[in-house]
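Colleague: I have just opened this entry and would like some help in reading it. Could we go through it feature by feature?

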Amino acid sequence: MTTEAAAPAGESRDEIGRARLRKEDARLVTGRTQWTDNIQLPGTLHLAFLRSPMAHARILRVDTAAAREQPGVVAVYSGRDFAHEQGSLPCAWPVSDDVVIPDHPPMAVNEVRYVGEAVACVVATDRYKAADALAAIEVDYQPLPAVLNMTEALAEGSAKVHETGNQAFTWTFAGGDIDAAFRDAPVVIDRTYVQQRLIPSAMEPRSVVATTDGDAYTLYSATQIPHILRVMLALTTGIPEHRLRVIAPDVGGGFGSKLQVTAEEVLVLLTARRLGRTIKWTESRSEGNLTVHHGRDQLQRVSLAAEENGRIRGLKVDLLADMGAYLMLVTPGVPLLGAFMYNGIYKMGAYDFRCTGVFTTKMPTDAYRGAGRPEATYAIERVMDELAAELGIDPIEVRRRNWIRAEEFPYTTIAGLTYDSGDYEAATARATDLFGYDELRAEQAARRERRDPVQLGIGVSTYTEMCGLAPSRVLGSLKYGAGGWEHADVRMLPTGKVEVVTGSSAHGQGHETAWSQIVADSLGVPFEDVSVLHGDTAVSPRGLDTYGSRSLTVGGIAVLRACEKVKEKARLVAAHLLEAAADDLEYAEGSVRVRGTGAGKTIQELALAVFAAHDLPDGVEPRLDAQATYDPENFSFPHGTHLCAVEVDTETGMSRIRSYVAVDDVGKVVNPLIVEGQVHGGLAQGIAQALFEEAVHDADGNLLTTTLADYLVPSAADLPDFVTDRTETPASGNPLGVKGVGEAGTIASTPAVVNAIVDALRPHGVRDVQMPCSPERVWRALNRADGGTA
């Protein structure tokens, strides 16, 4: 491993835009770090959970007596033992006035509503003895009907998941006159798409350690949200917030699955309080597939009205969203994030959106990389290809006739969002050039002409997304329970080094590197002289954590603003020491200088002078530290064009991605290597939904994909080489001009791949293949189109 060479003496090199290797990788890649499961505290006891084997049942009896007699067992608890102290797991997003938020006990007391729900637990001297003792617990269940299909769940007379029924909420949005848009429309496209249920598979399984010191508690958790978790645990358990410390050590990925307040976190903490001992739990991978919240699982009914030239008149979306058995932290809000994105990058006169949340007897769904935006982008990009096919227009051309032109920004969409900047033409032109679009279309025509059994399909996805989830007032208007600001402290140490404390909690994004680059450029200090602290509520007491591609666009700007305050303080001190007027001073290249002279003080000299405090201006405190809290006025809107070429064997159904080009516009880039890594990871997850991944239940509600042998997470060998590039239209809403990037690849890639497969099969009469597009599903789609019964 090598690092970039330093700039020659006297030569300035901007850090922002520089492809720095991540400074945190040395410990992460080699494992010389503290993952939660690595934490070994004296006297630790281990917790294991007995989980329901039934999707829906009443609990008649839980007998723990025999389990208590097993070797190494310290305690055994059922839900009734925790009934009066465990509270209800929180839902922070009551999206509508009619929303139903059922009680959600961390451990079931009277009824279970999905396979994997905890019904008892064992505390033992090691994890294996705890797991072994679970077999001695006896539970009697009275089976109740499983509720698995959303449409059937809403039908009259359906079995109920909760006494209130199976409808969790309805939420509607309308813009323009939708009836007029569809009335006498020359072209109407009606399609139904299925967003299959997905299981997040972070590299590091979830793990929790709770320890106690009198009435004070420390919880270590592999979480994305230490600050939010602290608040919610205090509200749920009654432990005063100031007596609870939450630490997220280095976290091995999350993708939304660790944006949660989990039953295990609550129960580990309560058990530590009961026993006065350190308690630890780490999930197995099979346990994780059952009990990590799932993603997607939507039924999308989409109608698009257009003119004969392809111009869109209006769009209607009727969405069923599977909530699972309960509403978890942001479960009902996830499909609504997509509500503002179904229009994509396109202009239209009317838009109508309706979402119905449905309870089923499955693991709850919640945020998974992209959270509502991938689903929306999939629907609009699929239906745009259908429109192109209906009219015999090239798919890129039909998009070009409808997208917002560069000169029209800022542009307020039919969904009410104001896109601040973008250039869809530039990104598409670059992508088609890299892809060899015209040449591939010519090859496709030749294959069709000779009826080649291996057909070539070309998929297009021109996307945008709303991210940098932040504007607190907007989130409040959507009934979200928290704000969207972010906090940072920048501390000048006496020796001139810099300590940054950020409320953004990294789980693989490279914050320590990117924040160091921002600070190095702003303060004019060496990159190596900056350290970044995060993830510990005792060190970083203020923050709203990491999700929704908000780290840089919100947390990074908070860091920049704190740096600006440090420079202002430095200017005041320097003016006093240099006996100059503050207005005559400038801050440049790490020094405060008198304009037009050589006189000045470096920031390091000023930091030491302030520490000594021998000669400070009256009223100035002896510190150069500063803090800032930043709450943006708007989201950020990255965009791009993704093109995919897929070869489909019409005899076997096998699909192979031959080439993939992604040109993204994420505004100003702080570190190109980090951006490249985020795009590659996002592409892998988006392609995985298109081709490989699906959570499957049987008729009784049992999850059949509980292991990685059954749930197909692709490896590098399953994925193509990616050609990536960028265009740059800086965001106008923040001083760095940055936009989010963490979810872009996931959002754009799924429709690009499926569009390519359908494009290959369109001459055979196929206009959809349900995801994941396995060889069997592709073959069956071909067979049905040819008049078969498969």
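Colleague: Let me start with a small piece. In which sense do β22 and strand β23 pair, and over how many bridges?

Modeller: Happy to help, and please keep in mind that this is a predicted model. β22 and strand β23 (residues 591–594) are antiparallel partners, joined over four bridges. If you want a pair to look at, leucine 585 sits opposite valine 594 in β23.

Colleague: In what order do the strands of that sheet come?

Modeller: The order is β22-β23-β24, an open sheet of three strands with antiparallel pairing. β22 (585–588) and β24 (600–602) are at the edges with a single partner strand each, so one side of each has no neighbour in the sheet. From one strand to the next, the twist averages 15 degrees.

Colleague: Which strands does α17 lie across?

Modeller: α17 lies across β22, β23 and β24, and runs at about 130 degrees to β22. α18 also packs on the sheet, where it touches β22, β23 and β24. The direction of α18 makes about 80 degrees with that of β24.

Colleague: How should I describe two helices that pack together, and at what angle do α17 and α18 pack?

Modeller: The general idea is that two packed helices are described by the angle between their axes and the distance between the axes. Here, helix α17 (residues 551–578) packs with helix α18 (residues 603–612) at an angle of about 75 degrees, and their axes are 10 Å apart. Angles of 65 to 115 degrees count as roughly perpendicular, and α17 and α18 are therefore roughly perpendicular to each other. On the α17 side the contact is made by Val566, Ala570, Val573, Ala574 and Leu577, and on the α18 side by Ile603, Leu606, Ala609 and Val610. Sorted by class, the contact of α17 with α18 has nine nonpolar residues, no polar and no charged ones.

Colleague: Now a helix elsewhere in the chain. Which residues of α21 are buried?

Modeller: First the general idea: an α-helix has 3.6 residues a turn, so residues three or four places apart point the same way. In helix α21 (residues 775–785), the buried residues are Val778, Ala781 and Leu782. Down the axis of α21 they fall within an arc of 95 degrees, so these buried residues line one face of the helix. Their cover includes β26 (639–649), β27 (655–665) and α20 (744–761). Just after α21 comes glycine 787, with a positive phi of about 95 degrees.

Colleague: What is the strand order in the sheet that holds β7 and β8?

Modeller: That is an open sheet of five strands in the order β7-β15-β14-β13-β8, and its pairing is mixed. β7 (167–175) and β8 (187–198) are the edge strands, and each pairs on one side only. The twist in this sheet averages 10 degrees from one strand to the next. β7 runs antiparallel to strand β15 (residues 350–359), and eight bridges join them. One pair to find is tryptophan 171 with its bridge partner in β15, cysteine 355.

Colleague: Which strands pair with β2?

Modeller: Among them is strand β4 (residues 111–112), which pairs with strand β2 (residues 57–63) in the antiparallel sense over two bridges. There, alanine 57 stands opposite valine 112. β2 is also joined by six bridges to strand β6 (residues 138–143), again running antiparallel. In that pairing, arginine 61 faces aspartate 140.

Colleague: Let me finish with single residues. Is lysine 362 buried or exposed?

Modeller: The cut-off for buried is under 20% relative accessible area. Lysine 362 has 8% relative accessibility, so it counts as buried. Lysine 362 is in the loop between β15 and α11 (373–391). Beyond its neighbours within four places in sequence, its contacts include Asp297, Asp322 and His697.

Colleague: And where is serine 461?

Modeller: Serine 461 is in strand β18 (residues 454–464), and at 0% relative accessibility it counts as buried. Leaving aside neighbours within four places in sequence, serine 461 is in contact with residues including Thr377, Glu381, His642 and Ala752. Serine 461 and alanine 756 are 295 residues apart along the chain, with 9.9 Å between their C-alpha atoms.

Key. Residues are numbered from 1 along each chain as its sequence is written. This is a predicted model: local features need pLDDT of at least 70, side-chain atom pairs count only at pLDDT 80 or more; totals for chains, interfaces and linings use all residues. Side-chain values use heavy atoms; hydrogens and water are left out. Axes are lines fitted to C-alpha atoms, for helices over the stretch in contact, and angles run from 0 to 180 degrees between N-to-C directions. Angles under 35 degrees count as roughly parallel, over 145 as roughly antiparallel, 65 to 115 as roughly perpendicular and the rest as oblique. Contact means heavy atoms within 4.5 Å. Ala, Val, Leu, Ile, Met, Phe, Trp, Tyr, Cys and Pro count as nonpolar, Asp, Glu, Lys and Arg as charged, and the others, Gly among them, as polar. Two strands pair if DSSP finds at least two bridges between them. Buried means under 20% relative accessible area, exposed over 50%, partly exposed in between (1.4 Å probe, protein chains only). The arc is that of the directions from the helix axis to the C-beta atoms.
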